[in-house]
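Here are a few exercises to work through with the structure open beside you. Try each task before you read its solution.

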Amino acid sequence: MALSTLGGGDISARVEQTIQRRGSDGTPLATLWTTLAAGGAVLAIIAMFATWYAAARTANALASGWLPPFALVLIVIAGLALVAKQLGVLGQGRRISSDLFVYGVGIISSGALILRQVAKGDLNNMVYVLVLPLVFLLVALVRSLRNPISKPMLELEQVALGIASIGTALIIVKRLIDSEHAAGGWVWGLLAGLAVIIAALVACQYLGILSMFQVMLFGALALSTIILIVLLVQVIGDGWPVLSERLGDFWSGTLRSRSTDDRLGISQGIIGSFWIAVFVVVIAFPIGIAAAVYLEEYAPRNWFTNVLDIVVRNLAGVPSVVYGLLGLFLFVKGTAITHWFIDRINSFWMSTFDSSLIEKGQSTLFAGGVTLAILVLPIVIITAAEAVRAVPQSLREGAFGVGATKWEVIRSQVLPFAAPGILTGTLLALSRAVGEAAPLILVGAITGRLAPRDSMFSGMEDFLGQFADRFTAMPIVIVGWVRNAGIDEGFGPAAGAAIVVLLVFVIMMNSVAVLLRNYFEKKRA
Amino acid sequence: MTDFSLSDVVPPALTTDALAGPRARLRKEAVIRGVFFAAALVSVLISVLIIFSLIKEAWTFITQVDWGVTWGEVGWFPRRGLYDVPTLLVSSIIVTVVAMLVAGPLGLGAAVYLSEYASRRTRAILKPVLEVLAGVPSVVLGFFALFFISPNLVEKIGRNGWLIIGYTITAFAVAGVAVWALRAWRDSSADSVTIFKRVIGLIVMIALVLVLFLWVNSVAKDCTPVPGDIAACPSDSAFTVKRSGQLAAAAIGVGILTIPLVASVAEDALASVPRQLREASAGLGARKATTTRQVVLPAAVSGIVAAFIIGISRALGETMVVFMAGGAADAARFTSSPFDGGLTMTAGMASLATGTDSVVGEGLTFQSLYFVGLLLFLLTLVLNVLAGRFVARVRERY
């Protein structure tokens with residue numbers, strides 16, 4: 001109105017038209033948006049029909065009563081009304097009333113769902129249904145209070161839709177869980193997914209993420225997060241019976257052939273993984289860091305350095321199972337050359353320690369440990385090289401200037417500065433080695449029963465003798481139990497519990513590494 | 001006047017020998033350099049050993065095997081002397097494709113969001129999620145794929161896949177028609193005949209869908225359960241949960257493992273796109289989404305391709321998830337369906353090697369392991385080299 005008084009009636013009319021049309025239609029995106037919303041509504045209707053039809057076919061009334069379908073109808077009406085309003089079917093002049101209509105229907109439907117929960121006395125579910133709409137309402141209220149220019153009605157409408165969708169999703173998910181392995185469950189699953197999507201869209205609008213493109217991008221990230229959460233919940237849930245009832249026994253127990261055995265546990269796996277970690281620290285770390293220092297500090301620029309670089313990079317991309325083949329070839333199957341080497345090493349070892357280190361044709365802890373050390377070597381080299389590269393040139397030049405030799409520069413300047421980065425890389429490599437199973441399977445780690453060696457620390461011979469023993473490791477224990485679960489279901493929870501233990505270690509190591517890196521990045525920035 | 005010689009005032013000329021310091025110090029330097037060089041050579045040694053071992057054993061297989069049993073047989077039954085390579089190859093391809101369908105969009109989407117849109121706070125919260133996901137051992141994903149993805153996702157989709165797809169397509173078709181019809185209603189320029197036609201079209205569409213729906217439901221095999229009435233659905237074979245998994249379940253697990261890798265490589269590529277390009281685009285009046293889609297993504301395209309290739313290489317080489325949740329023990333029939341159990345190249349190797357005593361057994365069983373390993377090694381090598389080229393191209397350009 002104000003614009004038209006300024007003159008140029010033509011322009012003002014167009015401006016007003018634009019304002020009216022904005023966000024409702026006109027752009028392909030808006031059409032897509034509307035189609036999506038409408039499609040969801042139609043899908044909901046189909047799903048409802050499916051349920052009713054199925055109920056009629058099995059000559060059974062819906063056991064859970066008339067309220068959920070009723071609520072669903074209302075929700076669908078709310079959705080349709082919203083679509084209609086977007087399209088302007090309800091008329092421009094009645095915008096407020098249509099808002100009120102949508103809002104009211106949303107509230108009524110959610111209210112119906114809540115009432116039903118109260119009537120059933122099912123407090124847990126009621127809490128779910130109540131909490132989320134309340135949060136939504138609160139957010140809307142705060143926002144409209146803080147920002148008087150924002151349109152409260154629009155927000156209330158979103159709130160209504162949000163409540164409706166989340167309520168629906170929760171009810172449906174509950175039903176899915178109730179009817180285990182339900183054949184028709186997919187209808188509900190689909191509906192729940194839809195409701196969650198609508199709720200997510202509403203949430204995105206609150207977060208200020210408005211374009212469809214952005215919603216999709218955010219969805220990708222959010223989905224990854226959800227997957228991680230579901231994974232953790234599932235694993236902890238599966239392992240909980242074991243973790244809560246017999247953690248002590250489980251910790252000290254050994255591999256057993258029956259899941260009901262009281263002595264079933266992971267001690268052998270933990271010992272195996274511990275020694276593998278020791279092998280990695282002793283073999284891969286020094287060699288890897290030295291190689292990285294050579295590549296960054298010493299290597300001249302020539303073809304050979306290029307070859308080294310390419311070799312390291314490609315080694316990092318070789319599938320872990322191929323390293324297993326290498327371990328199998330070198331330590332277990334062997335050829336004339338490797339046998340000769342093993343004999344030499346053994347004779348040297350025996351002359352000193354009076355016990356053999358490697359058994360020919362046997363998969364031993366030594367074989368597994370060295371294989372994994374080889375596996376993580378390229379990772380250590382690459383991360384350490386990156387850390388060394390990040391050392392400022394001025395530090396080196398300063399040290400050279402006061403007369404230090406190359407090695408003195410490296411020892412006194414380069415390595416201390418690069419230490420945090422190297423540490424991060426080595427921790428990541430270590431956690432990779434501890435979680436890796438495929439090479440160990442090929443080298444021949446034990447998945448079944450393993451005779452325990454209980455005199456590990458009784459003497460030097462026993463201590464060293466275990467390197468020539470057959471072995472297992474945490475991931476291998478898990479694989480073995482998961483495969484046994486097909487025959488003996490009790491192994492499932494045991495595997496879940498073992499995974500929780502493994503994950504605690506691995507995630508702890510990873511987060512220490514990441515925190516360290518972030519700390520030093522911030523400190524140096 | 002005292003005797004004065006020049007050498008009293010001017011110090012002796014500084015030679016390099018004098019600067020070098022004591023010889024022992026130099027010798028120490030050379031030794032240390034040699035040690036570091038030797039450490040760097042270890043990786044070359046490992047590469048040589050890998051290639052040597054693979055070729056040596058695979059060569060025995062290649063020269064001694066009856067090639068008739070490596071192609072067109074019923075499946076991969078190494079212990080019975082049937083080494084049908086297509087069984088493993090096709091399963092590997094299925095797993096890789098499905099895994100990339102999961103990891104590609106999710107990884108790329110996450111990377112674009114983190115690099116282009118995320119605020120500092122969002123980034124601080126969500127970036128670690130990907131890092132934790134990257135650190136999850138593959139056996140954990142194997143467990144998850146077998147006990148969660150398989151029963152809750154794959155079996156449901158597998159049993160009702162066409163129904164789901166059909167319903168979704170029809171629903172959105174109806175919605176499209178509805179939008180089209182209602183537009184006419186609103187458009188003041190449309191005459192009443194057009195509106196009438198479109199509304200009739202909408203009604204016909206809905207009627208068609210209803211008929212379709214009733215028909216599908218009457219022929220659908222599955223039983224819709226009634227809450228509280230378990231007897232309504234007899235627990236026949238269709239509802240018993242398979243405890244061994246399927247290729248699709250394993251593939252989704254592999255995909256989840258690959259998400260962080262794809263995301264991190266793609267994010268690096270996006271980060272290397274210079275800021276000036278974005279600013280220029282914004283200066284021309286482009287929206288953020290337009291800038292991202294039409295400027296940033298094309299500029300980073302080789303890095304994104306590299307991310308996908310590295311993801312494919314990783315998915316090909318992933319062993320434990322398929323071994324645990326792929327639905328086959330130590331042999332597999334040929335299958336081209338993701339809803340069957342199967343063995344990929346990696347899982348075939350792992351299952352053959354569970355318990356080494358059987359590997360170092362008779363026949364060519366042991367050698368077949370290395371033959372498959374060589375195939376896998378060459379495939380991933382080609383992919384990695386290719387990815388390296390693409391990454392290098394990004395580096396060169398900016």
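**Exercise 1. A residue at a chain meeting point**

Task: Find which residues B:F143 is in contact with, leaving aside its neighbours within four places in sequence.

Solution: Remember as you start that this is a predicted model. Step one, look towards chain A: the contacts of B:F143 there are A:V235, A:I478, A:V482, A:A495 and A:I499. Step two, look within chain B, where B:M324 completes the list. Step three, place B:F143 in its wider setting: the largest nonpolar core has 202 residues, and B:F143 is among those with the most contacts inside it, along with A:V376, A:I478 and A:A498. Helix α15 of chain A, residues 365-389, gives the most to this core, namely 18 residues.

**Exercise 2. Buried or exposed?**

Task: Decide whether A:F279 is buried or exposed, and find its partners beyond four places in sequence.

Solution: First, locate A:F279 in helix α11 of chain A, which covers residues 267-298. Next, count neighbours: 21 other C-beta atoms lie within 10 Å of A:F279. The cut-off for a buried residue is 20 or more, so A:F279 counts as buried. Finally, list the contacts: A:G369, A:V370, A:L372 and A:A373. A:F279 and A:A373 are 94 residues apart in sequence, yet their C-alpha atoms are 6.4 Å apart in space.

**Exercise 3. Following a helix**

Task: Describe helix α4 of chain B, residues 85-117: what is its span, and where is its kink centred?

Solution: Begin with the span: the 33 residues of α4(B) reach 46 Å from first C-alpha to last, close to the expected 48 Å. Then find the kink, which is about 30 degrees and centred on B:M100. Last, check the surroundings: 24 of the 33 residues are buried, so α4(B) is largely enclosed by the rest of the structure.

**Exercise 4. Ordering a sheet**

Task: Work out which strands of the open sheet in chain B stand at its edges.

Solution: Write down the order, β2-β1-β3, with antiparallel pairing. Read off the ends: β2 (82-83) and β3 (332-333) each have a single partner strand, so one side of each lacks a neighbour in the sheet. Now zoom in on one pair: two bridges join β1(B), residues 75-77, to β2(B), and B:F77 stands opposite B:L82.

**Exercise 5. Reading confidence**

Task: Find where in chain A the confidence is lowest and where it is highest.

Solution: Start with the average pLDDT of chain A, which is 70, with 52% of the residues scoring at least 70. Then compare elements: helix α1 (residues 2-5) has the lowest mean, 41, and α15(A) the highest, 91.

Notes:
Residues numbered from 1 in each chain as written. Chains lettered and ligands numbered in written order. Predicted model: local features only at pLDDT ≥ 70, side-chain atom pairs only at ≥ 80, totals over all residues. Helix = DSSP H or I, 4+ residues; strand = E, 2+ residues; numbered from the N terminus. Expected span 1.5 Å × (residues − 1). Bend = angle between axes of the 7 residues up to and from the residue. Buried ≥ 20, exposed ≤ 12 C-beta atoms within 10 Å, placed from the backbone. Core = buried A, V, L, I, M, F, W, Y, C linked by C-beta atoms within 7 Å. Contact = placed C-beta atoms within 7 Å. Pairing = 2+ DSSP bridges. pLDDT = per-residue confidence, 0-100.
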